[in-house]
Amino acid sequence: MSSNLRAIDFHVHLPTPDWLDGSMIGYVEVAEAYFRSKVERQSLEQLAGKYRDLNAKAVLLAWDAETATGRPRVPNETVAAAVRDFPDAFTGIGSVDPHKGPDAVEEIANIARLGLRGVKFHPSLQAFSPDDPQFDPIWAACERHGLLALFHTGTSGIGARQPGGQGIRIDYAHPLKLDAVAAAHPDLTVVAAHFGWPWHMDLLAIALHKTNVYIDISGWAPKRIPSEVVRELKGRLKDQFVWGSDFPFIDPRRCLAEVDELGLGTETLLHDNAARILKL
């Protein structure tokens, strides 16, 4: 697969006040301390310029954890409008709150109508377990509409190093909970963000077993990615990994530089796998 784009950043949160000061109010400062970086607020126009300068495209993420957090959502329409306004710099993934039941299933149809490429879930922040059968209609709807399902997995910078983790449960984001989803829906592309640390070996086993499971390496400085993950990324699972930054918590420029230093900056990781599953 050839492209003029160097990279697709699979994991980009909106650096605008609607996410940082709305959906994430009360969480941002804790996450900044965990990531040891100050988040940079900027407009979508500035963000588009950043990715053009990198010769990359950002996958923007909508957000809806209203039931569990009481914080406002970032509507799918907001992300769709950004993609329409800056099509060279952005593509997008929607979000639904699994606790909204039939409305969540209908919203998945809306995400498809908006031209977004998938649906983002954050089991810890949304306070749900993906392997609970009550949520199966949501995975079936994603599969039916040809939308990938991107899941936060592993620990969380949000709530980290706080008493009770700000009430956030990381057990909901254990990657083993995705095995049931991927098994029941073989035509659904399941993407596990942040490679599920500290349960990354479990996730690697799932991806080796099920070719519809992909692993996103965002949320980590590449030089700190565990050697077991790097070995599979360079070897037998090379076609099931995608690159991402987790901006605005980690800068994509730094990520790309470290990926190159480590000799991991292949077209397969940086572009081709993502382009294939996003259907770009």
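Buried here means under 20% relative accessible area, and exposed means over 50%. Keep that handy for the exercises below, and remember that this is a predicted model.

**Exercise 1. Work out which side of helix H5 faces inward, and what covers it.**

Step 1: list the buried residues. In H5 they are Asn-76, Val-79, Ala-80, Ala-82 and Val-83.

Step 2: see how they sit around the axis. These residues take up an arc of only 155 degrees, so they share the same side of H5. The general rule behind this is that an α-helix has 3.6 residues a turn, so residues three or four places apart point the same way.

Step 3: check the other side. There you'll find Arg-84 and Asp-85, both exposed.

Step 4: find the cover. The elements over the buried residues of H5 include H3, E2, E3 and helix H6 (102–113).

Step 5: place the helix on the sheet. H5 (residues 76–85) packs there by touching strand E2 (56–61) and strand E3 (90–95), and its direction makes about 170 degrees with that of E3.

**Exercise 2. Lay out the sheet and name its edge strands.**

Step 1: write down the order. Eight strands line up as E1-E2-E3-E4-E5-E6-E7-E8 in an open sheet, with parallel pairing.

Step 2: pick out the edges. Strand E1 (7–13) and strand E8 (241–242) each pair on one side only.

Step 3: zoom in on one pair. Strand E4 (residues 118–121) and strand E5 (residues 148–152) run parallel over four bridges. Across this pair, Lys-120 stands opposite Leu-150 in E5.

Step 4: move along to the next pair. E5 and E6 also pair in the parallel sense, over four bridges. Here the partner of Ala-149 is Val-190 in E6.

**Exercise 3. Decide whether the two faces of E6 are covered or open.**

Step 1: recall the general pattern. In a regular strand the side chains alternate between the two faces of the sheet.

Step 2: sort the residues by side. Val-190 and Ala-192 go on one side of E6, while Val-191 and Ala-193 go on the other.

Step 3: look at burial. All four are buried, so both faces of E6 are covered.

**Exercise 4. Test the length of helix H6 against the expected span, then describe its packing.**

Step 1: get the expected value. The span is 1.5 Å times one less than the number of residues, so the twelve residues of H6 should cover 16 Å.

Step 2: compare with the model. The end C-alpha atoms of H6 are 17 Å apart, which agrees.

Step 3: list what is buried. In H6 that gives Ala-104, Glu-107, Ile-108, Ala-109, Asn-110 and Ile-111.

Step 4: find their neighbours. The buried residues of H6 pack against H5, E3, E4 and H8.

Step 5: look just past the end of the helix. Gly-115, right after H6, has a positive phi of about 85 degrees.

**Exercise 5. Find two non-glycine residues with positive phi, and say where they sit.**

Step 1: take Asn-55. Its phi is positive, about 55 degrees, although it is not a glycine. Asn-55 sits in the loop between helix H3 (44–53) and E2. With a relative accessible area of 33%, Asn-55 is partly exposed.

Step 2: take Ala-127. Its phi is also positive at about 55 degrees, and it is not a glycine. Ala-127 belongs to the loop between helix H7 (123–126) and helix H8 (136–144). At 29% relative accessible area, Ala-127 is partly exposed.

**Exercise 6. Locate two cis peptide bonds.**

Step 1: go to Trp-197 and Pro-198. The bond between them is cis, with omega near 10 degrees. Pro-198 falls in the loop between strand E6 (190–193) and helix H10 (200–209).

Step 2: go to Phe-247 and Pro-248. Their peptide bond is cis too, with omega about 10 degrees. Pro-248 falls in the loop between E8 and helix H12 (252–261).

**Exercise 7. Describe the surroundings of Leu-256.**

Step 1: place the residue. Leu-256 is part of helix H12.

Step 2: check burial. Its relative accessible area is 4%, so Leu-256 is buried.

Step 3: name the contacts. Leaving out residues up to four places away in sequence, Leu-256 touches Arg-6, Ala-7, Leu-54, Trp-243 and Leu-270.

How values were computed:
Residues numbered from 1 in each chain as written. Predicted model: local features only at pLDDT ≥ 70, side-chain atom pairs only at ≥ 80, totals over all residues. Heavy atoms only, no water. Pairing = 2+ DSSP bridges. Contact = heavy atoms within 4.5 Å. Axes fitted to C-alpha atoms, helices over the stretch in contact; angles between N-to-C directions. Buried < 20%, exposed > 50% of the residue type's maximum accessible area, 1.4 Å probe, protein only. Arc of directions from axis to C-beta.
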